[in-house]
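Thanks for sharing this one with me. Here are my notes, in numbered points, to read with the model open beside you.

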Amino acid sequence: MVNLSEILEPIASQFRSLGIPEPITHWGHPVMMGIVVVAMGSFVGYTGWQGRLATDKDVAIKSRSDHRKLAPWMFLFIALGYTGGLLSLVIQHQPVMESPHFWTGSTIIVLLTVNSLISLTGFGGDKLALRAVHAYLGTTALAVMVLHAAFGLKLGLSI
C-alpha cells in the first residue's frame, strides 16, 4: 500500500526548514479552504442552480456563464488545497489516511473530477440526464464539503 507520508516527507521537511509559525502550519489549510468553500463553493452552487431554475432567460444565461467561469477555478483551488492539507498533516507528523477528513476530502475530489468530465464532454451532447447528474453531483460535493469541514475542525482541535 502507498504510504503518502513517506512520499510527501521530502517536501514536508523542506517546508519545516522554513520555520513557518505553527499556527499557520496548523490552521492555514482550514482558513484558506474555508474561504474557497464558502465564497466560491456557494457562488458556484448558486449560479449552477440559478442557471437551471431561473425563469428569466437572461438571468439563466448569465448564471450559467458565471458558473462556467468560476467552477474550474474552484476545482483548481480545492485540488491545490487538498494537496496542501495532505502536506500540512505530514509537516505536523500526523497520519494522513486515518482520518474521516482525508476520506471526505478524497470523495470531494472524485465527485468534482467526475463532474468536470461530464461538463467537458458537453454533457454528452447536451443530454438533459447528464445535466441533471452534473447538478446533483455538484450539490452532493457541496454537502460533503460541509461534513468535511466538521471532520476537519475535529481533526484540527485534536492535534
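**Notes on the predicted model**

1. Let me start with a residue that is easy to skip past: Asp126 is found in helix 5, which covers residues 122-126. This is a predicted model, so please read each value below as computed from that prediction. The phi of Asp126 is near 65°, a positive value in a residue other than glycine. As for its surroundings, Asp126 counts as partly exposed, with 48% relative accessibility.

2. His93 deserves a look alongside it. Here too phi is positive, at about 55°, although His93 is not a glycine. The residue sits in the loop between helix 3 (57-91) and helix 4. Is His93 buried or exposed? His93 is exposed, because its relative accessible area is 61% and the cut-off for that class is over 50%.

3. Now for the overall picture. The chain has six helices and zero strands, giving the pattern α-α-α-α-α-α when read along the sequence. Its C-alpha trace spans about 55 × 30 × 25 Å along the principal axes. Of the 159 residues, 35% count as buried. Among contacts with a separation of 6 or more, 71% come from residues 24 or more positions apart.

4. How do helix 4 and helix 6 run relative to each other? Helix 4 takes in residues 100-120 and helix 6 residues 128-158; their axes come within 8 Å and cross at roughly 160°. That makes the two helices roughly antiparallel, because the angle is over 145 degrees. The crossing of helix 4 and helix 6 is left-handed. By class, the residues of this contact divide into 15 nonpolar, 10 polar and no charged.

5. One residue of helix 4 to select in your viewer is Asn115. With a relative accessibility of 6%, Asn115 counts as buried. Leaving out residues up to four places away in sequence, Asn115 touches Val133, His134, Leu137 and Gly138.

6. Trp103 is also placed in helix 4, but its class is partly exposed, at 45% relative accessibility. What does the side chain of Trp103 reach? The partner is the backbone oxygen of Met97, at 2.9 Å. You could also check the pair Trp103 and His148: they are 45 residues apart in sequence, and their C-alpha atoms are 8.6 Å apart in space.

7. The packing of helix 1 (residues 4-16) against helix 3 has another geometry to inspect. Their axes are 8 Å apart and the packing angle is about 75°. Helix 1 and helix 3 are therefore roughly perpendicular to each other, because that class runs from 65 to 115 degrees. Helix 1 contributes Ser5, Leu8, Glu9, Ile11, Ala12, Phe15 and Arg16 to the contact, and helix 3 contributes Leu86, Leu87, Val90 and Ile91. Sorted by class, this contact has eight nonpolar, one polar and two charged residues.

8. Moving to helix 2 (residues 22-53), Thr47 lies within it. Thr47 is buried, because its relative accessibility of 3% falls under the 20% cut-off. Its side chain reaches the backbone oxygen of Val44 at 3.2 Å. Beyond residues up to four places away in sequence, Thr47 touches Ser63, Arg64, Asp66 and His67.

9. Gln50 is placed in helix 2 as well, and it counts as partly exposed at 22% relative accessibility. Which residues does Gln50 contact, its neighbours within four places in sequence aside? Val59, Ala60 and Ser63 make up that set. A distance to try in your viewer is the one from Gln50 to Leu18: these residues are 32 apart along the chain, with 45 Å between their C-alpha atoms.

10. If you have time for a short second pass, I would go back to the two residues with positive phi, His93 and Asp126. After that, you could place the two helix pairs next to each other on screen: helix 4 with helix 6, roughly antiparallel, and helix 1 with helix 3, roughly perpendicular.

Terms used:
Residues numbered from 1 in each chain as written. Predicted model: local features only at pLDDT ≥ 70, side-chain atom pairs only at ≥ 80, totals over all residues. Heavy atoms only, no water. Helix = DSSP H or I, 4+ residues; strand = E, 2+ residues; numbered from the N terminus. Buried < 20%, exposed > 50% of the residue type's maximum accessible area, 1.4 Å probe, protein only. Polar contact = N/O pair within 3.5 Å; in protein donor to acceptor, adjacent residues only side chain to side chain. Contact = heavy atoms within 4.5 Å. Axes fitted to C-alpha atoms, helices over the stretch in contact; angles between N-to-C directions. Parallel < 35°, antiparallel > 145°, perpendicular 65-115°, else oblique. Left-handed = near helix turned anticlockwise from the far one by under 90°. Nonpolar A, V, L, I, M, F, W, Y, C, P; charged D, E, K, R; others polar.
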